[in-house]
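Hello,

Here is the structure I promised to pass on to you. Have a look at it first, and then read on for what turned up in it.

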Amino acid sequence: MDETEQAYYRTLGYDGDESVGKEGVEQAFESYLRGKDGTRLIIVTLNGKDDVNTHMRLYEHFFPLLARVDLSGFTEGLSVPVTGGTRDSVAAVPAAEPEAALLEREYDELTREVELPRFVYAPVEAGQVLGEIRLLSGDKVVWQSALVADSDVPALTRERQGILEFIGSLLGQ
């Protein structure tokens with residue numbers, strides 16, 4: 001694809017690295033074949049005479065209503081206290097990319113459910129599963145992920161713990 005074609009397809013919302021149907025049936029149905037980023041359409045037919053056309057009408061009506069939404073604002077600021085570690089807490093981050101294809105009204109109704117322990121014992125390893133997060137629109141789960149430790153938290157050694165306690169006693173803590 002030359003630069004002029006890439007510029008044209010970018011105005012249509014393409015990133016420039018997609019395959020594009022340029023002739024025949026592929027060109028005629030490019031808008032259907034293209035799909036929507038982050039969204040998968042699965043058609044299941046029951047051998048009805050008009051199943052494919054019914055699915056195409058549903059696709060044409062509902063897919064434009066969906067938007068790929070960044071949900072990272074719902075996943076920020078989560079942490080778990082760490083007992084016996086070199087740090088007091090560890091950040092809990094989602095293992096899965098926080099994004100989903102949603103209707104606008106679904107985004108406006110999102111609520112968050114988080115399951116994390118009251119604390120964990122050191123050592124904690126980066127990637128260790130700490131809990132789970134779910135985003136719901138009404139009672140429908142629209143996204144979920146395991147929450148994992150974003151970094152290691154080594155356990156305090158007895159010697160280091162003793163030194164910290166000694167320093168704390170000197171400082172009156």
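Let's start with Leu71. Leaving out residues up to four places away in sequence, Leu71 touches Pro98, Glu99, Ala100, Leu102, Tyr107, Leu110, Leu135 and Trp143. Please keep in mind as you read that this is a predicted model.

Leu71 also belongs to the largest nonpolar core, a set of 22 residues in which Leu71 and Val90 touch the most other members. Two or more residues of this core come from each of strands S2, S3 (89-94), S4 (99-103), S7 (129-137) and S8 (140-149). Strand S8 gives the most, with four residues.

Val90 turns up again if you look at Val82, which sits in strand S2 (residues 79-83). Beyond its neighbours within four places in sequence, Val82 is in contact with Arg87, Asp88, Ser89, Val90, Val120, Ala122, Val124 and Val153. Is Val82 buried or exposed? Its relative accessible area is 8%, so Val82 is buried. One more distance for this residue: the C-alpha atoms of Val82 and Arg118 are separated by 9.2 Å, with their positions 36 residues apart along the chain.

Next, the salt bridges. The structure has five of them. As background, side chains of opposite charge can pair when their charged atoms come close. Here are three that you can find easily in the viewer.

Glu99, one of the residues that Leu71 touches, forms a salt bridge with Arg68, and their closest N and O atoms are 2.5 Å apart. This pair links distant parts of the chain, with Glu99 in strand S4 and Arg68 in strand S1, 31 residues apart. Both partners are partly exposed: Glu99 has a relative accessible area of 31%, and Arg68 has one of 46%.

Glu106 and Lys140 form another salt bridge through their side chains, at 2.6 Å from N to O. Here too, distant parts of the chain are linked, since Glu106 is in helix H5 and Lys140 is in strand S8, 34 residues apart. Glu106 counts as buried at 7% relative accessibility, whereas Lys140 counts as partly exposed at 44%.

The third is between Glu113 and Arg134, where the closest N and O atoms are 3.1 Å apart. Glu113 lies in strand S5 (residues 110-115) and Arg134 in strand S7, so this salt bridge ties together parts that are 21 residues apart in sequence. Glu113 is partly exposed, with a relative accessible area of 36%, while Arg134 is buried at 12%. Which residues join Glu113 and Arg134 in one network of salt bridges? They are Glu115 and Glu132, connected to them through salt bridges that share partners.

Now for the aromatic rings. How many aromatic pairs does a search of the whole structure find? There are two. In one of them, the rings of Phe74 and Tyr107 have centres 6.0 Å apart and planes at 85°, so the pair is edge-to-face. Phe74 is in the loop between strand S1 (66-70) and S2, and Tyr107 is in helix H5 (residues 104-108), so the pair links distant parts of the chain, 33 residues apart. Tyr107, which is also among the residues that Leu71 touches, is partly exposed at 33% relative accessible area.

In the other pair, the ring centres of Phe119 and Tyr121 are 5.2 Å apart and the planes stand at 90°, so this pair is edge-to-face as well. Phe119 is partly exposed, with a relative accessible area of 38%, whereas Tyr121 counts as exposed at 58%.

Last, helix H4, which covers residues 51-62. At 1.5 Å a residue, its twelve residues should span 16 Å, and the end C-alpha atoms are indeed 16 Å apart, so the two values agree. Which residues of H4 are buried? They are Asp51, His55 and Tyr59. These three cover an arc of only 70° around the axis, which puts them on the same side of H4. The general rule behind such a pattern is that an α-helix has 3.6 residues a turn, so residues three or four places apart point the same way.

I hope this helps you find your way around. Enjoy exploring!

Best wishes

Methods. Residues are numbered from 1 along each chain as its sequence is written. This is a predicted model: local features need pLDDT of at least 70, side-chain atom pairs count only at pLDDT 80 or more; totals for chains, interfaces and linings use all residues. Side-chain values use heavy atoms; hydrogens and water are left out. Buried means under 20% relative accessible area, exposed over 50%, partly exposed in between (1.4 Å probe, protein chains only). Contact means heavy atoms within 4.5 Å. Rings of Phe, Tyr and Trp (its six-membered ring) pair if their centres lie within 6.5 Å; planes under 30 degrees apart count as stacked, over 60 as edge-to-face and the rest as tilted. The expected span of a helix is 1.5 Å times one less than its number of residues. The arc is that of the directions from the helix axis to the C-beta atoms. A nonpolar core is a set of buried Ala, Val, Leu, Ile, Met, Phe, Trp, Tyr and Cys residues joined through side-chain atoms within 4.5 Å. A salt bridge is a side-chain nitrogen of Lys or Arg within 4 Å of a carboxyl oxygen of Asp or Glu.
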